[in-house]
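Here is a short briefing for you on cysteines, one threonine and some enclosed space. Please take a look at the model first, then read on.

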Amino acid sequence: MAKTGRPAVLGGDALFAEGLPLTRVKVPEREELARRLDGILTSGQLTDGATVRELEEAAAAQLDVPHVVAVSNCTSGLMLALQALGVSGAVAMPGFTFAATAHAAHWAGATPVFAEVDADTLTLDPVDAARLLAESGASALMATHVYGTPCRVEELAKVAEDAGVPIVYDAAHALGSRRAGTPVGGFGAAEVFSLSPTKVVVAGEGGLIATRDEELARACRLGRGYGNPGDYDCVFPGLNARMSELHAALALVSLRGLPERVATRSRLVALFADAVRGVPGLRLPALAEGDVSTWKDLTLIVEPAAFGLDVPALARALRAEGIDSRRYFHPPVHRQQAYAHLPARSLPITDDVSARVLTLPLWSHMDDATVRLLADAVIRIHEHAPEIASTD
Ligand SMILES: Cc1ncc(COP(=O)(O)O)c(C=O)c1O
């Protein structure tokens, strides 16, 4: 392990004096985007146009699913998919996810109930999901491909089938992930992706609902436009969750080269993992052999006793180096104020991992030198952990 000098939090020079943000968006096809935007503005059709349809077709081909419905964001996409499935009462989901998973169930008229995640992959634990479905009589199961790590979809399919409920995947992080060679997008009743600026494919703001179910796709298409079939005689209370043509143009160019970007991210994560291999008390979420993760996030799982610092202290030391970090996901959803009124279910694994995760900067065009320097920062913080801890 390299000796990397005195950490900035103890008075050394910051490794990233100009700052290292969590993510940096790069749109490679700027000229094509400008051409497309110009065409849209000239046509005067800013929504419900050919670009959204082109994006839906391109995404459906890439995901190998028959239907993709573009929406204003992943949260509204999840709401529409759940509404189309007619959820009511409880909807089961992991406590370790982004709040939007639970919010979508709430806005679709249901109540979230929370299950454990697997401590290695941080994705929904199928055994606890089965237990919760039986306990709660939930009308649907939701699962999140956390940071792009594919869920154990085969086991979850069996759990949902046994309980007689549909699965909706929160695939916000997972556009480009693969489970045993199959693209994430075709599992469950629907999978919903996010195209917000922190994702690997961006629209500015946007989402994609992918499904094999023609009826569900039709309901979501109707639902994204108020539930209005065209004659203003709305058939159910929908949303305005349309994606604009301008956002679709950005998403279309951003979708290009996705497999290559995902491969680059995997390589960068491997480079980082290799560089910190000698540091005790650090691991990354486990990825099953043959699976592909987008590595939407480079998230460390920290064992404070072995590393020498807990997550808040590590984050503070990184900040002194100029490095941005986030606690994705802390607090877990079942601990958030929004859901404090719900009956508590004990989730010790979720509580534990949630206290120990820290997401570091990563973007698809990050260079190797930056990854190595990021690793150096973590290494030197670990090497001075007792001194840093004593200044806390
Ligand atoms: C797991 C997860 N689900 C849903 C969302 C919401 O996505 P959007 O901002 O597109 O609504 C996010 C946002 O980052 C997320 O991380």
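**Cysteines, Thr294 and two cavities**

Cys234 counts as partly exposed, because its relative accessibility is 42%. Keep in mind as you read that this is a predicted model. The notes below go from the cysteines to Thr294 and then to the cavities.

**Cysteines**

- A disulfide is a covalent bond between the sulfur atoms of two cysteines.
- With a cut-off of 2.5 Å between cysteine sulfur atoms, the count of disulfides here is 0.
- Why is Cys74 without a bond to Cys220? The sulfur in Cys220 is the closest cysteine sulfur to that of Cys74, yet it is 12 Å away, which is too far for a bond.
- Cys234 is in no disulfide either, and its nearest cysteine sulfur, again that of Cys220, lies 16 Å away.
- Is Cys74 buried or exposed? Cys74 has a relative accessible area of 7%, so it is buried; the limit for that class is under 20%.
- Cys234, by contrast, is partly exposed at 42%.

**Thr294 and its surroundings**

- Where does Thr294 sit? You will find Thr294 in the loop that runs between β10 (282–283) and β11 (298–302).
- Thr294 is buried, because its relative accessibility is 0%.
- A polar atom of the Thr294 side chain is 2.7 Å from the backbone oxygen of His173.
- Leaving aside residues up to four places away in sequence, Thr294 touches Tyr147, Gly148, His173, Ala174, Leu175, Gly176, Ser177, Val200, Val262 and Arg265.

**Cavities**

- How many cavities of 30 Å³ or more does the structure hold? There are 2 of them.
- The largest cavity encloses about 70 Å³ of space.
- Residues lining the largest cavity include Leu22, Thr23, Thr198, Tyr328 and the run Lys296, Asp297 and Leu298; Thr359, Leu360, Pro361 and Leu362 line it too.
- Sorted by class, the lining of the largest cavity is made up of 6 nonpolar, 3 polar and 2 charged residues.
- The second largest cavity has a volume of about 40 Å³.
- Thr294 is part of the lining of the second largest cavity, as are His173, Ala174, Leu175 and Val200, which are also among the residues that Thr294 touches.
- The lining of the second largest cavity also includes Ala172, Ser194, Leu195, Lys199, Val201 and Lys296.
- By class, the second largest cavity is lined by 6 nonpolar, 3 polar and 2 charged residues.
- Lys296 appears in the lining of the largest cavity and in that of the second largest cavity.

Technical notes. Residues numbered from 1 in each chain as written. Predicted model: local features only at pLDDT ≥ 70, side-chain atom pairs only at ≥ 80, totals over all residues. Heavy atoms only, no water. Buried < 20%, exposed > 50% of the residue type's maximum accessible area, 1.4 Å probe, protein only. Helix = DSSP H or I, 4+ residues; strand = E, 2+ residues; numbered from the N terminus. Polar contact = N/O pair within 3.5 Å; in protein donor to acceptor, adjacent residues only side chain to side chain. Contact = heavy atoms within 4.5 Å. 1 Å grid on protein atoms, 1.4 Å probe; cavity = no way out; pocket = protein on both sides within 12 Å on 5 of 7 lines; lining within 4 Å. Points joined across faces, edges and corners; volume = space filled by probe spheres on them. Nonpolar A, V, L, I, M, F, W, Y, C, P; charged D, E, K, R; others polar.
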